[in-house]
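User: I've got a structure here and I'd like to go through how its parts get their labels. Can you take me through the reasoning?

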There are 2 protein chains.
Amino acid sequence: MNFLEEKILSDATIKPGNILKIDNFLNHQIDISIMRQMAYEMKRRFTGVEVNKVLTIEASGIALATMLGDLYDVPVVFAKKSQTANSTDDKYVAQAYSFTHKKMNNVFVSKPYLLATDRVLIVDDFLADGQAVHALIDIVHQAGGEVAGIGIAVEKGQQKGGRLLREEGYHLESIAIIEEMDWQTQTIRFREQPSHQDVT
Amino acid sequence: MNFLEEKILSDATIKPGNILKIDNFLNHQIDISIMRQMAYEMKRRFTGVEVNKVLTIEASGIALATMLGDLYDVPVVFAKKSQTANSTDDKYVAQAYSFTHKKMNNVFVSKPYLLATDRVLIVDDFLADGQAVHALIDIVHQAGGEVAGIGIAVEKGQQKGGRLLREEGYHLESIAIIEEMDWQTQTIRFREQPSHQDVT
């Protein structure tokens with residue numbers, strides 16, 4: 001079991017409807033040590049992959065993206081969910097359904113911040129149906145850039161996002177993949193992944 | 001002139017209405033080197049101040065807060081602007097007017113993530129009228145915690161936020177304070193601040 005799986009088992013709660021609540025260390029309060037370890041582990045899993053930009057979506061992907069940008073020493077871009085008054089730049093736009101807010105969101109990146117020469121590592125805290133990640137992929141492609149990889153903290157393995165992305169041929173790494181969880185017994189089973197030593 | 005003032009002069013544009021556009025390195029695309037320097041400079045300015053939590057507000061304060069949390073090795077909490085479906089925790093709530101989105105926002109922090117024992121460094125990218133910072137102060141006080149300091153990347157010195165906070169006795173540090181700017185001539189004048197050597 002890796003550090004994130006251990007952290008989930010010790011600190012997460014499962015709520016009715018099988019909702020995993022980990023906002024005590026991932027996306028409301030941030031455990032910096034866990035975030036740092038995730039960034040190192042992600043960079044390790046993408047060893048040999050050229051990355052010159054990290055892309056995420058506001059708000060809860062930003063902390064992990066910042067730690068990764070720091071490790072790679074490359075710019076970080078976060079896609080926005082609403083037009084801001086200050087930006088009149090042309091934008092790349094894609095749509096994503098937000099399950100948290102139960103509506104379609106437009107997702108924007110200003111054109112100057114994604115280039116055809118970019119090899120982009122897409123990062124997010126959660127992967128479920130993959131709506132946000134697919135919107136980010138769409139935006140990278142609109143810019144003519146290349147998706148170097150997709151790095152996720154926690155993948156909900158019962159939902160279709162991860163399967164679709166792997167079928168589409170993307171290099172997707174999720175540090176923890178939840179195969180099953182049950183709020184009544186508060187138990188979680190993770191998908192087995194190659195251990196640190198086995199990944200090349 | 002410090003590194004951030006130099007970066008603003010070289011990379012910012014001023015738009016009609018005297019709007020400073022620095023989303024190419026601060027709050028849409030993030031220049032990791034500038035972000036890292038800001039975190040070090042802020043920690044230096046708060047030398048001797050005990051901090052055990054960093055608090056910011058989504059989304060554009062998160063990158064700087066993460067870098068500071070990493071330097072201090074303390075948890076980071078970001079206040080949220082909308083209820084999420086997944087959280088049924090009791091919350092501290094305050095209100096702040098968003099000039100970007102031109103509406104009142106509720107700002108939330110789940111109660112378990114701010115404690116009466118917390119000495120909180122409040123961090124944000126911009127300070128103008130101080131609405132967001134005052135909401136965060138309110139929330140820290142609701143929790144019974146103490147505001148150890150307020151760290152801002154860019155303060156708009158013509159607006160009232162900085163003056164009010166200093167009058168209220170808070171230890172406020174803004175890495176760059178814009179005293180005047182003019183979109184027609186694209187000139188910016190910064191408030192003079194003690195140099196690195198003079199700050200104790």
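Analyst: Happy to, starting with strands from two chains. In this predicted model, E3(A) pairs with strand E5 (residues 76-79) of chain B in the antiparallel sense, over two bridges.

User: What makes E3(A) and E5(B) count as a pair?

Analyst: Set the value against the cut-off. Pairing takes at least two bridges, and E3(A) and E5(B) have two bridges, so they count as paired. To see where they line up, look at Gln29(A), which stands opposite Val77(B) in E5(B).

User: Which sheet does E3(B) belong to, and what makes it an edge strand?

Analyst: The sheet is an open one of seven strands, in the order E11(A)-E10(A)-E9(A)-E8(A)-E4(A)-E5(A)-E3(B), with mixed pairing. Strand E3 (29-30) of chain B and strand E11 (187-190) of chain A each have a single partner strand, so one side of each has no neighbour in the sheet, and that puts them at the edges.

User: How do you know that E9(A) and E10(A) are paired, and in which sense?

Analyst: Same kind of check: the cut-off is at least two bridges, and strand E9 (residues 146-156) and strand E10 (residues 172-182) of chain A share six bridges, in the parallel sense. Within E10(A), Leu172(A) is the bridge partner of Ile150(A).

User: Okay, now helices. Why is H3(A) called oblique to H3(B)?

Analyst: H3(A) and helix H3 (residues 62-72) of chain B pack at an angle of about 60°, with their axes 9 Å apart. Angles under 35 degrees would be roughly parallel, and roughly perpendicular runs from 65 to 115. The angle fits neither, so H3(A) is oblique to H3(B). Their crossing is right-handed.

User: Which residues make that contact?

Analyst: Ile62(A), Ala63(A), Thr66(A) and Met67(A) from H3(A), along with Ile62(B), Ala63(B), Thr66(B) and Met67(B) from H3(B). By class, that contact has six nonpolar, two polar and no charged residues.

User: How do you know that the copies meet through the same surface?

Analyst: Compare the two sides: 100% of the interface residues of chain A are also interface residues in chain B, so the copies meet through the same surface. In all, 35 residues of chain A are in contact with 35 residues of chain B. H3(A) gives the largest share of chain A's side, six residues.

User: And what makes the relation of the chains a two-fold axis?

Analyst: A turn of 180° with a shift of 0.0 Å along the axis lays chain A on chain B with an RMSD of 0.0 Å. That is the relation of a two-fold axis. In chain A, Ala59(A) comes closest to the rotation axis, at 2.5 Å (C-alpha).

How values were computed. Residues numbered from 1 in each chain as written. Chains lettered and ligands numbered in written order. Predicted model: local features only at pLDDT ≥ 70, side-chain atom pairs only at ≥ 80, totals over all residues. Least-squares fit on C-alpha atoms with pLDDT ≥ 70 in both. Contact = placed C-beta atoms within 7 Å. Helix = DSSP H or I, 4+ residues; strand = E, 2+ residues; numbered from the N terminus. Axes fitted to C-alpha atoms, helices over the stretch in contact; angles between N-to-C directions. Parallel < 35°, antiparallel > 145°, perpendicular 65-115°, else oblique. Left-handed = near helix turned anticlockwise from the far one by under 90°. Nonpolar A, V, L, I, M, F, W, Y, C, P; charged D, E, K, R; others polar.
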